[in-house]
Amino acid sequence: MQQQQPQPQPSPKPKKKIRVPRVVNGVEQMVEIEVDEDTGPGWGPNDKHTLLNHKITRVDGPKKVTGMALYTYDMRLPGMLYGRILRCPHGHARVTKLDTEAASKLPGVKAIIQGPLTELRFAGAPVAAVAATTPEIAGDALRAIKVTYEVLPHVVHATDAIRPDAPKVVAEENNLQEKAKNGDLQKAETAFATADAIVEGEYFSQRVHHACLETHGMVVDYRGGDSASIYASTQGTFTIPGDAAKELGLEQSKVIASVEHMGGGFGSKFGIGIEGMFACRLSKQTKSPVKLMLTRYDEFVMAGNRSGSWQKLKAGVKNDGTIVALTARQYRLGGIGQGSQAGQPYIYRMGDTYREVYALHTNEDSSIAMRAPGHPQASFAIESLVDELAYKIKMDPVAFRKKNLRDEVYHRQLDRGAKEIGWSRRNPVAGGNPGPLKRGMGCAVGTWGGGGNNQCKVDVTILQDGAVYVAVGTQDLGTGTRTYTRAIVAEELGIGMNDVEEHIGNSKLGAANPSGGSTTAPSLSPSVKDAAIKARMMMAERVAPLLGNPKPEEVVFSGGNVSANGRSITWKQAAAALPAAGITSHGVWRADLQARGVHGVSFAEVEVDIETGFIRPIKMVHIQDGGLPLNRLTMESQINGGMIQSLGMAFYEGRVMDAQLGMQLNPGFGDYKLPGSLEMPEMVPIIDDDDKREAVIGIAEGCIIPPLGALVNAVFNATGLRIRDLPITPDKILMGLMNTTVISRG
Amino acid sequence: MTKSRDRQEDQKQPGHDPSRRKFLKGVGIVGAGAAIADQLWVEAEAEEQRPAPDDIKGRVKVVLDVNGEKRTSQVEPRTTLLNTLRNHLGPAVTGPKLVCDMGTCGACTVLLDGKPVYSCLVLAVDAENKKITTVEGLGSPDKPNAVQAAFVENDALMCGFCTPGFVTTISAYLKKNPNPTLAEVREACKGNFCRCGTYPRVFEAALAAAKASRA
Ligand code: FES
Ligand code: FES
């Protein structure tokens with residue numbers, strides 16, 4: 001017998017290691033992964049697209065504007081009960097007795113369960129939950145539950161919590177926890193001695209709320225048996241089934257999560273949350289579907305907020321504009337949580353730097369990830385400081401920033417923004433304009449990652465009748481995910497937007513990453529593109545005989561036609577050549593189709609009435625790069641959204657806590673001021689087309705960071721008042737004016 | 001008077017009759033505008049002192065004219081128009097959204113005899129014998145009205161949760177003022193909140209819709 005020759009092993013595809021962001025609970029962490037070195041075709045030049053990088057109207061638009069789009073909050077199932085959560089009214093307490101007898105006797109009340117917490121560390125902490133036949137009766141039940149509390153001492157303001165004799169948020173633990181020390185204090189001190197000017201400041205940023213218009217919550221459809229369906233208002237379809245299955249005592253694979261449309265998340269909607277836990281338990285107990293959506297009050301007191309910050313900064317500058325040193329003491333104000341705050345000096349070069357970072361706890365619910373977690377806080381403080389340094393040495397703030405920023409992209413963006421806002425009209429003397437209505441301008445700079453990771457698996461199916469489906473379990477938060485998913489496939493196959501249908505928002509479909517940290521577009525779009533390219537190649541192979549047997553890559557898909565060798569057939573004719581079951585391609589992530597690192601520059605003009613302290617935002621400009629803009633229309637909208645949320649943080653929003661009661665005084669839209677139609681300035685969202693990277697990068701976070709600093713600095717330019725405490729409200733302007741000579745300059 | 005305060009008071013005296021709260025909801029028809037709403041909350045507080053008459057316990061039949069159709073349901077008299085549309089009609093009418101449930105956001109806006117109201121501040125029993133138009137009644141995905149079409153065209157929506165409220169408010173406003181200025185559009189929208197930040201394009205859409213309707 002002949003000896004069998006060993007078969008040559010197919011050599012494994014060459015791999016390379018790269019670092020990518022992965023989002024856990026909305027916060028980016030970098031992990032190392034292996035990817036193929038050899039890749040497929042790319043996106044091509046950014047200006048050569050037929051659909052992408054154009055203005056494409058939202059595919060879910062027609063349903064949303066007519067009320068036909070179904071959100072989690074709109075689900076109503078037969079026999080469904082309504083859940084509500086009872087909350088602790090004290091800043092710090094223990095439940096000593098929970099009497100549910102009267103409540104459980106109310107007609108329509110089906111279940112009451114006690115919460116999981118033994119110690120309630122903030123007002124609003126969940127005590128119990130009920131399920132009833134109507135939301136009204138569920139409300140009655142909450143009011144009928146008698147709770148006896150042992151009230152413990154609380155502290156809700158950071159400036160109180162830092163005192164050694166302050167009540168402890170966690171017994172036996174210091175409210176102040178050291179987190180990091182970096183740099184060399186000695187060197188920084190030495191460098192200060194070489195500075196021509198020193199600026200020192202203490203900066204506070206408030207806790208703002210996500211205020212998603214659709215509150216957190218879910219509908220758990222479990223009626224006994226071994227499977228369940230869950231409709232969730234979530235930023236991560238795939239963050240739901242695991243935890244829900246645990247609560248329900250089911251296999252994870254038997255719990256299907258769906259999120260067809262969702263009404264805003266901004267970082268606050270990952271996992272089932274405490275409300276989801278209650279919903280599952282209530283459903284399990286009653287064997288009925290349960291809908292538990294938070295009330296607006298609930299949403300304020302415990303569905304999340306952006307970490308507050310308290311920063312003490314000191315910097316030294318030379319007359320030529322060189323910043324020589326910075327020392328920073330940064331307190332993260334995250335309530336019972338850790339809080340978040342980007343490290344100083346943020347994006348600037350500041351010579352010798354030293355910083356200390358602490359978490360400072362109060363009896364408030366934990367802050368959670370909010371659009372660019374930690375960044376607006378750091379940006380606000382450093383941009384205020386940088387601005388002050390520039391004024392101090394009488395250097396133009398734009399020129400000063402260029403001097404201290406290495407990255408050329410910022411330079412061109414600063415020039416562009418200055419032109420757009422009309423920087424030359426600005427009075428370089430702060431508060432120097434005559435009259436009581438004083439205008440001023442400011443600018444600021446920001447960055448973000450925005451890279452993707454390898455979590456998305458996408459199927460593209462083409463049927464014999466020409467129908468095209470693209471399927472992946474991802475979710476659309478209002479960011480335009482549906483639209484670009486469809487557009488990528490349509491463009492690749494040379495057909496129209498209406499010729500493709502997308503299926504998303506369901507955990508039965510291909511895996512997808514949770515939407516946090518601007519990672520969705522750079523994670524999803526490469527997988528969609530990969531699936532679309534593969535579908536095109538499969539189809540090209542099938543139709544080759546009809547077109548004189550070209551190589552698959554020679555077949556052109558364009559304008560609804562498929563052609564090669566001078567022959568052309570219609571899309572429908574081409575599809576007819578497919579096997580009866582059609583074809584399905586599977587797309588995976590490709591690192592080369594995305595990139596990481598965005599730049600954004602903001603300018604703002606405001607008008608301050610120094611007689612009333614009223615601030616009128618006049619104009620905001622934000623320039624954002626992001627590689628290949630998948631859809632210019634939705635990208636501009638998202639930039640607007642970033643600017644507006646930043647505007648809210650600058651002038652309007654902020655949780656107000658009562659020191660005595662330990663509770664929030666403004667847990668509703670009547671008292672918590674969101675920016676509204678009357679506050680809107682002229683807004684100019686600019687996509688930076690000088691960025692030629694042929695790669696998709698997420699931009700959602702990038703555009704919420706620097707507008708804040710630009711607005712705050714515009715107030716300074718207008719009034720000469722450096723207000724370091726957000727939000728800048730009229731009372732702060734008036735208080736500030738009393739201590740300065742600005743009025744007499746008018 | 002905020003809802004939370006109301007809630008906390010209730011918690012302090014858990015034995016009281018919770019059905020009294022119905023008076024807080026029973027402030028009648030309120031035009032879109034948070035300021036007016038605030039005013040009415042104060043009046044509602046005074047009302048709250050009265051004892052609850054017996055005849056409003058249990059369920060009553062309501063017949064509502066929703067988007068040109070007679071719809072019937074049994075609801076507790078304290079049930080808002082919004083919750084009746086969403087929770088008690090079959091099939092449900094879920095275009096109007098529940099966002100604050102206290103007249104501060106505009107997401108629940110519907111038209112009562114052509115006038116925009118916050119349906120979370122109207123009792124279903126008070127909406128009988130009136131023409132109720134929700135966002136669904138203004139147009140459909142295939143046949144949108146001018147405002148709906150302009151919203152899509154100008155990308156005046158993101159998550160879309162505030163959108164039914166804006167569309168309804170603006171559709172009613174353009175009937176009243178077919179040729180508005182930007183300032184007037186802003187004023188008309190001041191009772192509606194959007195968190196995603198669609199305002200600039202909402203204004204553009206409103207002006208575009210006005211223009212298209214005039215053409
Ligand atoms: S839900 Fe009615 S105004 Fe907010
Ligand atoms: S579009 Fe999301 S709240 Fe307005």
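Is W310(A) buried or exposed? In this predicted model, W310(A) has a relative accessible area of 5% and is therefore buried. This report first describes the contact between the two chains and then returns to the aromatic rings around that residue.

## Extent of the interface

The size of an interface is often expressed as the accessible area that is lost when the parts come together. For chain A and chain B, the buried area is about 5500 Å², and carbon and sulfur atoms account for 58% of it. Within the area that chain A buries against chain B, 15% comes from V65(A), R143(A) and L213(A), more than from any other three residues.

In terms of residues, chain A brings 69 to the contact and chain B brings 62.

## Polar and charged contacts

Between chain A and chain B there are 6 salt bridges. In one salt bridge, the side chain of E653(A) meets that of R195(B), with a distance of 2.7 Å from N to O. Polar contacts across the interface number 29 residue pairs, with both residues at pLDDT 80 or more.

## The side of chain A that touches chain B

Several elements of chain A each supply at least two residues of the side that touches chain B: α1 (61-65), β3 (81-87), α3 (135-144), α8 (296-302) and α15 (632-652). Of the elements in chain A, α15(A) gives the most to this side, with 9 residues.

Sorted by class, the residues on the side of chain A that touches chain B are 33 nonpolar, 19 polar and 17 charged.

## Aromatic pairs around W310(A)

A pair of aromatic rings is described by two quantities, the distance of the centres and the angle of the planes. Over all chains, the structure holds 13 aromatic pairs. One of them joins F204(A) and W310(A) in a stacked arrangement, 5.3 Å from centre to centre and with 20° between the planes. This pair links distant parts of the chain, since F204(A) belongs to strand β10 (residues 197-205) and W310(A) to strand β15 (residues 308-317) of chain A, 106 residues apart. F204(A) has a relative accessibility of 24% and therefore counts as partly exposed.

W310(A) also pairs with Y331(A); the ring centres are 4.7 Å apart and the planes lie at 40°, so this pair is tilted. Because W310(A) lies in strand β15 and Y331(A) in strand β16 (residues 323-333) of chain A, the pair ties together parts that are 21 residues apart in sequence. Both W310(A) and Y331(A) are buried. Through ring pairs, F204(A), W310(A), Y331(A) and Y358(A) are linked into a cluster.

Terms used:
Residues are numbered from 1 along each chain as its sequence is written. Chains are lettered from A and ligands numbered from 1 in the order in which they are written. This is a predicted model: local features need pLDDT of at least 70, side-chain atom pairs count only at pLDDT 80 or more; totals for chains, interfaces and linings use all residues. Side-chain values use heavy atoms; hydrogens and water are left out. Contact means heavy atoms within 4.5 Å. Buried area is the accessible area (1.4 Å probe) that two parts lose on being put together, summed over both. A salt bridge is a side-chain nitrogen of Lys or Arg within 4 Å of a carboxyl oxygen of Asp or Glu. A polar contact is a pair of N or O atoms within 3.5 Å; within protein, one must be able to donate a hydrogen and the other to accept it, and residues adjacent in sequence count only if both atoms are side-chain atoms. Helices (H or I, at least four residues) and strands (E, at least two) are DSSP runs, numbered from the N terminus. Ala, Val, Leu, Ile, Met, Phe, Trp, Tyr, Cys and Pro count as nonpolar, Asp, Glu, Lys and Arg as charged, and the others, Gly among them, as polar. Rings of Phe, Tyr and Trp (its six-membered ring) pair if their centres lie within 6.5 Å; planes under 30 degrees apart count as stacked, over 60 as edge-to-face and the rest as tilted. Buried means under 20% relative accessible area, exposed over 50%, partly exposed in between (1.4 Å probe, protein chains only).
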